[in-house]
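Biologist: Can you put the model up? I'd like to go through the ligand site and then the empty spaces.

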Amino acid sequence: MGPVFDLAIIGGGVNGCGIARDAVGRGNSVFLCEMNDLASGTSSWSTKLVHGGLRYLEYYDFKLVRHALLEREILWGIAPHIIRPLRFVLPHHAGLRPAWLLRLGLFLYDHIGGRKLLPPTRTLDLARDEVGKPLAPGRFRRGFEYSDCFVDDARLVVLTARDAADRGADIRTRTKATEIRQVDGIWQVTVQGADGERSVIRARTLVNAGGPWVEQILASGAGVNAKAKVRLVQGSHIVVPRLYDHDRAYIFQNADGRIVFAIPYQDDFTLIGTTDLDYDGDPAQVKISAAEIDYLCASVSEYLAKPVDPEDVVWTYSGVRPLYDDGADEAKAATRDYVFELDLPGGVPLLSIYGGKITTHRRLAEEALEKLAPYLKGTKAPEGWTAKATLPGGDFDVSALDALVAELRRDYPFLTPAHANRLAHAYGTRAAKMLGQAKTPADLGQSFGATLTEREVGYLIANEFAVNAEDIVWRRSKLGLRMSAAEIAALDDWITAHRHQPDSPVRAAGAHP
Ligand SMILES: Cc1cc2nc3c(=O)[nH]c(=O)nc-3n(C[C@H](O)[C@H](O)[C@H](O)COP(=O)(O)OP(=O)(O)OC[C@H]3O[C@@H](n4cnc5c(N)ncnc54)[C@H](O)[C@@H]3O)c2cc1C
């Protein structure tokens, strides 16, 4: 029999990993299992905004907006490589919300949430400003520009898990919790690894951070009758070749009362999303429909000089929001705030999480640990430590990212500007650790396409829990947008072949680095 952990967590999305990091940092022994790859659930399918959520003001959800706004600069501060400020252009549409309402909303947005570094809202003359140029000529005269942040959501999850593991958490990917039960005041979680082998993990407290699978986990034998219900809401995005030259995003209002974002993405693309549709299928099988593609194209084409056509779409993705079911009529109106359900079957605590956002995951973790405090003993770090401790590679000032890129180019002159830029934004100060003593491109080993090299692949497998090509090109990076199917297949073959070679980073890392 292995140790009895203070806390076991099921689910390696942003919420599970956030709780693991906070709990282990406070001195608890922590186990986390993720049935697939980290962030393979909802946490890599978001719009990737660290934002207050301007539209939630319309639902008078001031608490959620304030808490989320407060998190923006905190998260930017602990992960300045993977989070960046982004300005949003909101054109005033004559037939929709009046300008005074937009201005009032943005005034609140600027002032209720601890904005210190991000610039405030300004009014735009769209006839003169360059951000008016991509818009349909003569239709939009007035607009507003405000601040939020953009995050690499999947990397946020992975780096949070990496930090938790560095502090002692036992993080197991490709490990599914198949049964949970309490025996003599202890949780016993049966877990099954990729090889099919089962083992039992014991813990004093259990967190169900299964996202869209939260109810399935409860049904796997806990003897808990959940009172809360999850409402699964599908959201889809399309990616098209870059629509315009400037670096700001647009927030477009739709006639149906929803909003759609168009965001500069991965240098050469524009990300457009999202939709809100109730979903009742298997969360792992969610897919964009032709109707959603049409809806997103029509939403942005209403505003742009050059319409976006479904034919322009180069990539799509869909995710399922695991929202707390508050009985709202429409999916778009269901609360985005999180709700906890604490059950004590046989006196042993099980905390289930409903809802939440990428933006609020750190605060959610603090509140989860507050709820579990009577059952946990860790007191090593005070509550709030996660607001100050940087994530791996994020130990530099938020204003120093350009300097970091310049440093990389100085120390590794063979890197192209775009390559150095990509590495700095992905790895921050750890880019140099990844590149090591390399003096020439050849020192980085085999090249798999789109600047991905053997050195980087080995680093991701050894340090970031990556196991296969999909983990690397779609979650640790978005190089899948630039690599051909043949290149991705070749990468997968290379990883499989090297898993069995002595001295290979793939083998050294194993399935659970
Ligand atoms: C379209 C869309 C847009 C969004 N945009 C934003 C945004 O811009 N900003 C923002 O802040 N938020 C956004 N969100 C919300 C945010 O993405 C989610 O709230 C968040 O990712 C939920 O994280 P989670 O950890 O609860 O769930 P998940 O990320 O789904 O993690 C749950 C994990 O549990 C694992 N799991 C399930 N069952 C088991 C089991 N039995 N054993 C082991 N592992 C298991 C799953 O594989 C999964 O990885 C968006 C969501 C969607 C869908």
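Modeller: Here it is; bear in mind that this is a predicted model. To start at the ligand, one of its oxygen atoms has a backbone N or O atom of Ile-358 at 2.9 Å.

Biologist: What about Thr-359, how far is its side chain from a ligand oxygen?

Modeller: An N or O atom in the Thr-359 side chain is 2.7 Å from an oxygen atom of the ligand.

Biologist: And which ligand atom does the Met-35 backbone lie 3.0 Å from?

Modeller: A nitrogen atom of the ligand; the Met-35 partner is a backbone N or O atom.

Biologist: How much of the ligand's accessible area does the protein cover?

Modeller: On its own the ligand has 1000 Å² of accessible area, and the protein covers 97% of that.

Biologist: Which elements give two or more residues to the shell?

Modeller: One helix and three strands: helix H1 (14-25), then strands E8 (175-183), E11 (230-241) and E16 (315-324).

Biologist: Which residues come nearest to the ligand?

Modeller: There are 38 residues around the ligand, and the nearest are Glu-34, Ser-43, Leu-49, Gly-356 and Thr-359. Thr-359 is also the residue with the side-chain atom at 2.7 Å.

Biologist: How does that shell split by class?

Modeller: It has 20 polar residues, 13 nonpolar and five charged.

Biologist: OK, change of topic. How many cavities does a search of the whole structure find?

Modeller: Three, counting those of 30 Å³ or more. The largest holds about 70 Å³ of space.

Biologist: What lines the largest one?

Modeller: Gly-18, Arg-21, Asp-22, Ile-78, Thr-160, His-361, Arg-362, Ala-365, Thr-386 and Leu-391. H1 and helix H7 (361-372) are the elements that give two or more residues to that lining. H1 also gives two or more residues to the ligand shell.

Biologist: And the classes in that lining?

Modeller: Four polar, three nonpolar and three charged.

Biologist: How much space is in the second largest cavity, and what lines it?

Modeller: It has about 50 Å³ of space. The lining is Arg-155, Leu-159, Arg-162, Pro-392, Ala-426, Tyr-427, Arg-430, Tyr-459, Asn-463 and Glu-464. Helices H4 (153-166), H9 (417-427) and H11 (454-463) each give two or more of these.

Biologist: Which of those helices has the largest share?

Modeller: H4, with three residues. By class this lining has five nonpolar, four charged and one polar residue.

Biologist: Now the open spaces. What is the volume of the second largest pocket?

Modeller: About 1200 Å³. It is lined by 47 residues, and those closest to its centre are Arg-84, Gln-266, Asp-267, Asn-421 and His-425.

Biologist: Which element gives the most to that lining?

Modeller: H9, with seven residues. Other elements that supply at least two include H4, helix H8 (401-411) and strands E4 (83-91) and E13 (259-265).

Biologist: And the class split there?

Modeller: It divides into 19 nonpolar, 17 charged and eleven polar residues.

Biologist: Last thing, the overall fold. How many helices and strands?

Modeller: The protein chain has 14 helices and 20 strands. Its radius of gyration is 23 Å, close to the 24 Å that the globule rule gives for 513 residues, so the chain is as compact as a globular protein of that length.

Biologist: What box do the C-alpha atoms fill?

Modeller: Roughly 70 × 60 × 45 Å, taken along the principal axes.

Technical notes
Residues numbered from 1 in each chain as written. Predicted model: local features only at pLDDT ≥ 70, side-chain atom pairs only at ≥ 80, totals over all residues. Heavy atoms only, no water. Near = heavy atom within 4 Å. Polar contact = N/O pair within 3.5 Å; in protein donor to acceptor, adjacent residues only side chain to side chain. Areas by Shrake-Rupley, 256 points an atom, 1.4 Å probe, with all protein chains shown as cover. Helix = DSSP H or I, 4+ residues; strand = E, 2+ residues; numbered from the N terminus. Nonpolar A, V, L, I, M, F, W, Y, C, P; charged D, E, K, R; others polar. 1 Å grid on protein atoms, 1.4 Å probe; cavity = no way out; pocket = protein on both sides within 12 Å on 5 of 7 lines; lining within 4 Å. Points joined across faces, edges and corners; volume = space filled by probe spheres on them. Rg over C-alpha atoms; globule rule 2.2 N^0.38 Å.
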